[in-house]
Amino acid sequence: PLIDVHDLEEFAIRPAPQGVTVKCRITRDKKGMDRGMYPTYYLHLEREHGKKVFLLAGRKRKKSKTSNYLISIDPTDLSRGGESFIGKLRSNLMGTKFTVYDNGVNPVKTTSSLEASVLRQELAAICYETNVLGFKGPRKMSVIIPGMNMDHERVSIRPRNEHETLLARWQNKNTESVIELHNKTPVWNDDTQSYVLNFHGRVTQASVKNFQIIHDNDPDYIVMQFGRVAEDVFTMDYNYPMCALQAFAIALSSFDSKLACE
């Protein structure tokens, strides 16, 4: 089935069609003076015969106290005020917890009379935990995304304060209308002396950044997978109920995570 991307903004936040894996790749561009510190990441949809369709670009903001990535539907305009700004990923001070927002308004910066519909939505939260092996083994990730309603549409989560955020709901075990996902635990392989997952050919290089996201109830259904195929090229595939913006931001968080000690 051909995935329709002519309206990029709409496509980026639309959940993947049920039964279809959306196959993408991320390229990391480190060229230029400060790109080593602030690379730009480009997400493309893979079409047959090696064709690629641009979807999203992401880049870390320079003057931010915490890691803060802007995500845009224009590869040349990664500004906060631009027309193409579609969302952002922001970490806590430790760099272990991240939240993904759409391009709505921050409730702190508004007057209370503002209509709820213009407040920003939280599209995902990602938590990284160190494991028993410290930094040396596979990382543990929890991903919290808004749930789906009976019409298979995403529940809108627009927190007005800290208690309503995805992270707060998850930490308080208030998981109504949210979906909690985890990374699939890799299996130790004696031959390669490393932890491995089966990416069915989509990932060719070992990296601590490679991961698969699943729901505990159905560990065989891969909601999202991400992994390295070359020095600065990664595949990123996602399924219902995830959308491109959620998956791309989750991938960006894994590049950034302080636990990514390779």
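Strands, such as β6 in the exercise on the pocket below, are DSSP runs of E with at least two residues, numbered from the N terminus. The model used in these exercises is predicted.

**Exercise 1. The barrel**

Task: Find how many strands make up the closed barrel and state how they pair.

Solution. Step 1: follow the order of the strands, β1-β2-β3-β4-β5-β6-β7-β8-β9-β12-β13-β14, which gives a closed barrel of 12 strands. Step 2: the pairing in this barrel is antiparallel. Step 3: from one strand to the next, the twist averages 20°.

**Exercise 2. Strand β2 and its neighbours**

Task: Describe how β2 pairs with β1 and with β3, and decide whether β2 is largely enclosed or open.

Solution. Step 1: strand β1 (residues 22-29) runs antiparallel to β2 and is joined to it by 6 bridges. Within this pairing, L43 of β2 is the residue opposite I26. Step 2: strand β3 (residues 52-60) also pairs with β2 in the antiparallel sense, over 7 bridges. Here E46 has K52 in β3 as its bridge partner. Step 3: the hairpin of β2 and β3 has 5 residues between the strands, and H49 in this hairpin takes a positive phi near 60°. Step 4: a residue is buried when its relative accessible area is under 20%. Of the 7 residues of β2 (residues 40-46), 6 are buried, so this strand is largely enclosed by the rest of the structure.

**Exercise 3. The second largest pocket**

Task: State which element gives the largest share of the lining of the second largest pocket, and how the lining divides by residue class.

Solution. Step 1: the second largest pocket holds about 390 Å³ of space. Step 2: 20 residues line this pocket, and R90, Y101, E122, E162 and T165 are the closest to its centre. Step 3: β5, β6 and α2 (166-171) are the elements that give two or more residues to the lining. The largest share, 4 residues, comes from β6. Step 4: the lining divides into 7 nonpolar, 7 polar and 6 charged residues. Step 5: β5 (residues 85-91) and β6 (residues 97-102) are joined by 5 bridges and run antiparallel. In this pairing R90 stands opposite T99 in β6.

**Exercise 4. An aromatic pair**

Task: Classify the pair of F226 and F255, and state whether F226 is buried or exposed.

Solution. Step 1: the count of aromatic pairs is 6. Step 2: F226 and F255 lie 5.4 Å apart, centre to centre, with 85° between the planes. Planes over 60 degrees apart count as edge-to-face, and the pair is edge-to-face. Step 3: F226 is in strand β13 (residues 218-230) and F255 in helix α3 (residues 244-256), 29 residues apart, and the pair links these distant parts of the chain. Step 4: F226 has a relative accessible area of 0%, so it is buried. F255, at 10%, is buried too. Step 5: both belong to one aromatic cluster, formed by Y41, F211, F226, F234 and F255.

Technical notes:
Residues numbered from 1 in each chain as written. Predicted model: local features only at pLDDT ≥ 70, side-chain atom pairs only at ≥ 80, totals over all residues. Heavy atoms only, no water. Buried < 20%, exposed > 50% of the residue type's maximum accessible area, 1.4 Å probe, protein only. Pairing = 2+ DSSP bridges. Axes fitted to C-alpha atoms, helices over the stretch in contact; angles between N-to-C directions. 1 Å grid on protein atoms, 1.4 Å probe; cavity = no way out; pocket = protein on both sides within 12 Å on 5 of 7 lines; lining within 4 Å. Points joined across faces, edges and corners; volume = space filled by probe spheres on them. Nonpolar A, V, L, I, M, F, W, Y, C, P; charged D, E, K, R; others polar. Phe/Tyr/Trp six-rings, centres within 6.5 Å; stacked < 30°, edge-to-face > 60°.
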